[in-house]
Amino acid sequence: MSKQIWSNLSLEEAILIQNELTPKIQLFGCNAEKVKTIAGIDLAYWKTGTKEYAVCCIVVLEKDSKCIIESKYSFGEVNVPYIPGCLAFRELPLILDTIQKLDSNSDLYMFDGNGYLHPRHMGIATHASFFLNRPTIGVAKNYYKIKDVEYSMPPNEKFAYTDIMVDGEIYGRVLRTMKDVRPIFLSVGNYIDLDSATKLVCELANNESHIPLPTRLADIETHKMRKELQMINR
């Protein structure tokens, strides 16, 4: 995969690539009970002068014990511009660089972002799955509105949810991981069904945060590493 090629992609070319991948999505294939290790993935950005940088952090957990197995990061200059609906082209190079540093191949990857909840079902969690060949899940903090479709707020109860329907199809799920907290926006990435993804996210939620543990820990790491890297490279 060439970062240089991706940096020169037009919107039309990016959408064409997404549309070619969409028919290959499989909303099945993962037995949640057999998942032992999960990697949480997040990125953080900053600017130094006219240049933009990002750091990607991946934290791998043992699902049952919630213990951290390993944590890796990569950082670098970002040359791919932000194009709405095409975030994966901007983030994937650094994500894949970080994955290459891992000592283990996780059973499942969880992203701070969307998957199937995307105009072409090709959020970062879905697009990345074609490089990882593993089940993926997208967990977003904010709602990505598609075709002006609003979501219904789930009841104020732990693990209550409502589905996000667009043109009669379920794109994702609004999930409240605990009472009296904001919901998260869950979508399948690939190679897993929505109910199995929901089960795993609920198992990995705790009282410290409404965000599941893998992406929460990755988020904490990206903020820490961004601060350190900014100090070094300013």
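Start with one pair of residues: Ala160 has Arg176 of strand 7 as its bridge partner. This model is predicted. The pair belongs to a longer match. Strand 6, residues 160–166, runs antiparallel to strand 7, residues 169–176, and seven bridges link the two. Together they make a hairpin, with two residues between the strands. Look at Asp167 in that turn: its phi is positive, about 55 degrees.

Now step back to the sheet. Strands 6 and 7 are part of an open sheet of eight strands. Read across it and the order is 3-2-1-4-5-8-7-6. The pairing is mixed. Strand 6 is an edge strand, and so is strand 3, residues 68–77. Each of these two pairs on one side only. The sheet also twists, by an average of 25 degrees from one strand to the next. In a regular strand, side chains alternate between the two faces of the sheet.

Go to the other edge. Strand 3 runs antiparallel to strand 2, residues 51–62, and nine bridges join them. One residue to find here is Leu61, whose bridge partner in strand 3 is Ile68. Helix 3 packs on the sheet. It touches strand 1, strand 2, strand 3 and strand 4. The direction of helix 3 makes about 45 degrees with that of strand 2.

Next comes helix 4, residues 124–132. Is this helix mostly covered or mostly open? It is mostly covered, with seven of its nine residues buried. Those buried residues are Ile124, Ala125, Thr126, His127, Ala128, Ser129 and Leu132. What do they pack against? Their partners are helix 2 (11–21), helix 3, strand 4 (108–111), strand 5 (136–140) and strand 8 (184–190). Just after helix 4 sits Asn133, with a positive phi near 55 degrees.

Last, find the largest pocket. Its volume is about 560 Å³. The lining has 25 residues. Nearest the pocket centre lie Leu87, Asp112, Gly113, Asn114 and Ile124. Two elements give two or more residues to the lining: strand 1 (37–48) and helix 3 (87–99). Helix 3 gives the most, with five residues. What classes of residue form the lining? There are 14 nonpolar, six polar and five charged residues.

Some names come up twice. Helix 3 packs on the sheet and also lines the largest pocket. Ile124 is a buried residue of helix 4, and Ile124 is also among the residues nearest the pocket centre.

How values were computed: Residues are numbered from 1 along each chain as its sequence is written. This is a predicted model: local features need pLDDT of at least 70, side-chain atom pairs count only at pLDDT 80 or more; totals for chains, interfaces and linings use all residues. Side-chain values use heavy atoms; hydrogens and water are left out. Two strands pair if DSSP finds at least two bridges between them. Helices (H or I, at least four residues) and strands (E, at least two) are DSSP runs, numbered from the N terminus. On a 1 Å grid over the protein atoms alone, a cavity is a set of points where a 1.4 Å probe fits but cannot get out, and a pocket is an open set with protein on both sides within 12 Å along at least five of seven lines; lining residues have an atom within 4 Å of a point. Grid points are joined across faces, edges and corners, and a volume is the space filled by probe spheres set on the points. Ala, Val, Leu, Ile, Met, Phe, Trp, Tyr, Cys and Pro count as nonpolar, Asp, Glu, Lys and Arg as charged, and the others, Gly among them, as polar. Buried means under 20% relative accessible area, exposed over 50%, partly exposed in between (1.4 Å probe, protein chains only). Contact means heavy atoms within 4.5 Å. Axes are lines fitted to C-alpha atoms, for helices over the stretch in contact, and angles run from 0 to 180 degrees between N-to-C directions.
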